[in-house]
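Biologist: I have a new model on screen and would like to learn how to read it. Could you take me through it step by step?

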Amino acid sequence: MTATVRRSHPRTALRRPPLLAPGARVALVSPAGPLRGPADLERAIANVQSLGWEPIVAPNVLARRGYFAGSDDERAGDLRRALRDPEIDAVWCARGGYGAMRVLESLDYAALARRPKALLGFSDITALHAALATRSGIASYHAPTARGVLTAFSRDSLERAVVRGVDPCGAIQSPRVLRPGVAEGRLVGGNLALLVALLGTPYFPPLDGAILVLEDVGEAVYRLDRMLVQLRLAGALSRIAGLVFGAFTDCPETSDDGVRRLDEVLDEAAAAAGVPALANAPVGHIDEQWTLPLGLTATLDAGAGTLHVH
């Protein structure tokens, strides 16, 4: 029997930025937390060069102020210049950390809308992905940060997404089906904590008819529980077409008051959403991860354990 495809409240896909050809000029920026030192930058430069691109290092990429990569003005300035510069083809965030949402009010979204370019990164960079979607209407890439070690799996997905423009996802190796079914919609999401932090702001991404992808790191399970309940109470889960959970890395299930398994929390969220849902997608703070073109249309077949980008 053919599965029914869920397409509630459909929205069109966002505009895809141009693909990256050999010799593309890629800006390396640190819009959030600081790099650990020159070795991180050297690895980021090597990653850009290994893909056949030209690295353009932002002035403040190695800056440090507390737990930020420089002041808000320095970080916003580097990102703003990269978005405005017609000679820059893409912006690859060197690291996540914390601080991206502090610069959202200072960016030139109109410049990106006029001359779309790829933005890559994940974790705290979720704030930028959400803002670009809401303010520029441009798709962006939930991808490894530039300083990361690219495994063969991660590199292949990245190249498929930003170089070849073909499906960078596919079959999940060990999917856990929470609710079977097929859903089609725009990919939205990223880091759970960042998305919840954007609730109530003009940068929270539209979720109507979306396939919502969530991951996190270093959050106790009771905190994940609280954030997912907040999404439910805000009405966010009632608007989506599908739900994909990635990796929840270093998220302890034990608290002073007792133990609750992560699986229980994810099951509960999927039941509340009432849509096709699965867990264990290769997304998040893990070595082997997909690059997700956030804002493009995808099809989730939860029962088959697949996610395909159109």
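Modeller: Gladly! Keep in mind that this is a predicted model. A good place to begin is the pair of domains: the C-alpha centres of domain 1 and domain 2 lie 23 Å apart. Their contact draws on 26 residues from domain 1 and 27 residues from domain 2.

Biologist: Which residues does each domain span?

Modeller: Domain 1 runs over 25–163 and domain 2 over 170–309.

Biologist: How do I read the size of the interface between them?

Modeller: The size of an interface is often given as the accessible area lost when the parts come together. Here, domain 1 and domain 2 bury about 2200 Å² between them, with carbon and sulfur atoms giving 66% of that area.

Biologist: And how many salt bridges and polar contacts join domain 1 and domain 2?

Modeller: There are 0 salt bridges between the two domains, but 7 residue pairs are in polar contact. On the domain 1 side, α4, β6 (140–142) and α5 (152–164) each supply at least two of the residues that touch domain 2. The most comes from α4, with 7 residues. By class, that side of domain 1 has 14 nonpolar, 9 polar and 3 charged residues.

Biologist: Let us look at α4, then. Why is α4 described as largely enclosed by the rest of the structure?

Modeller: Start from the general idea: an α-helix has 3.6 residues a turn, so residues three or four places apart point the same way. In helix α4 (residues 126–135), 8 of the 10 residues are buried, so the helix is largely enclosed by the rest of the structure. The buried ones are Thr126, Ala127, Leu128, His129, Ala130, Ala131, Leu132 and Ala133.

Biologist: What about the backbone around α4?

Modeller: Just after α4, Gly137 takes a positive phi of about 70°. On the other side, Ser123 sits in the loop between β5 (118–121) and α4. Ser123 also has a positive phi, about 65°, although it is not a glycine.

Biologist: Is Ser123 buried or exposed?

Modeller: Ser123 counts as buried because its relative accessibility is 12%, and the cut-off for buried is under 20%. Compare Asp250, in the loop between β11 (242–249) and β12 (254–255). Asp250 is another residue other than glycine with a positive phi, near 55°, yet Asp250 is exposed, with a relative accessible area of 62%.

Biologist: Which residues does Gly218 contact, beyond its neighbours within four places in sequence?

Modeller: Gly218 is in contact with Thr249, Asp250 and Cys251. Gly218 itself lies in the loop between β10 (211–217) and α7 (221–233).

Key. Residues numbered from 1 in each chain as written. Predicted model: local features only at pLDDT ≥ 70, side-chain atom pairs only at ≥ 80, totals over all residues. Heavy atoms only, no water. Buried < 20%, exposed > 50% of the residue type's maximum accessible area, 1.4 Å probe, protein only. Helix = DSSP H or I, 4+ residues; strand = E, 2+ residues; numbered from the N terminus. Domains from an automatic or database assignment. Contact = heavy atoms within 4.5 Å. Buried area = accessible area lost by both parts, 1.4 Å probe. Salt bridge = Lys/Arg side-chain N within 4 Å of Asp/Glu carboxyl O. Polar contact = N/O pair within 3.5 Å; in protein donor to acceptor, adjacent residues only side chain to side chain. Nonpolar A, V, L, I, M, F, W, Y, C, P; charged D, E, K, R; others polar.
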